[in-house]
Amino acid sequence: MMLFRSSAAICGALVALVISVSAARSEIVAVHSIAVVMAASGDAIVGAASTYNPFKPGWREGGPNTASGERYDPSVWAAAIKTSLRQKFGGVLYGARAKYALVEAVGKKVIVKINDVGPLTPGRIIDLNERTMRYFDPSLQRGVINGVKVMPLLGDYWIPGPVG
């Protein structure tokens, strides 16, 4: 009987922990979205966004490593900024800590890690990796999204992903 009471107490404690973690997570998301707006630095850059994947057959630019030295990963929230905007986004240097930006388009917002630069197609300001582009265009059929707003974020410790 004593063993049963101990097991029940442990189960109850675990349930309480899970509920409190879930509640804390939702509060963090709310605080994070306000913090993003407050941390957006400088003027927004508005233009077109496209997608890139150096592993795609026939891809003509770059290679598997990003400008920051990280390997390209289509499953993270990341992007390559136009080379001429490199300084506005903290330099994007090999081995340096990645910088972050708030990207807004089609009524959605996401924080991305700016870990690459590129000779983007003229008229485009940012190349989104596959995961990030799928957030804005789930079918990946559009290819280019116009009217994208990109704002650098102050600080180095953002958690990339959807905002709000």
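In strand β5, Leu-128 is the bridge partner of Thr-51. That pairing belongs to a parallel match: β5 (residues 124–128) and β1 are joined by four bridges. Here strands are DSSP E runs of at least two residues, helices are H or I runs of at least four, both numbered from the N terminus, and two strands pair if DSSP finds at least two bridges between them. This is a predicted model, so to speak of local features takes pLDDT of at least 70 and side-chain atom pairs count only at 80 or more, while totals for chains, interfaces and linings use all residues. Residues are numbered from 1 along each chain as its sequence is written, and side-chain values use heavy atoms, leaving out hydrogens and water.

Back to β1, which covers residues 45–51. With β6 (residues 144–153), β1 pairs in the antiparallel sense over five bridges, and Ala-49 sits opposite Ile-145 there. Five of the seven residues in β1 are buried, meaning under 20% relative accessible area with a 1.4 Å probe and protein chains only.

Now for the inside. The largest nonpolar core (buried Ala, Val, Leu, Ile, Met, Phe, Trp, Tyr and Cys joined through side-chain atoms within 4.5 Å) has 24 residues, and Ile-81, Phe-89, Val-103, Ile-114, Ile-126 and Val-150 touch the most other members. Among the elements giving two or more residues are β1, β5, α2 (130–136) and β6, but β4 gives the most, with four.

Take Val-150: leaving aside residues up to four places away in sequence, its contacts include Ile-45, Ile-81, Phe-89 and Ile-126, where contact means heavy atoms within 4.5 Å. A second, separate core of seven residues includes Ile-111, Met-151, Leu-153 and Val-163.

How values were computed: Buried < 20%, exposed > 50% of the residue type's maximum accessible area, 1.4 Å probe, protein only.
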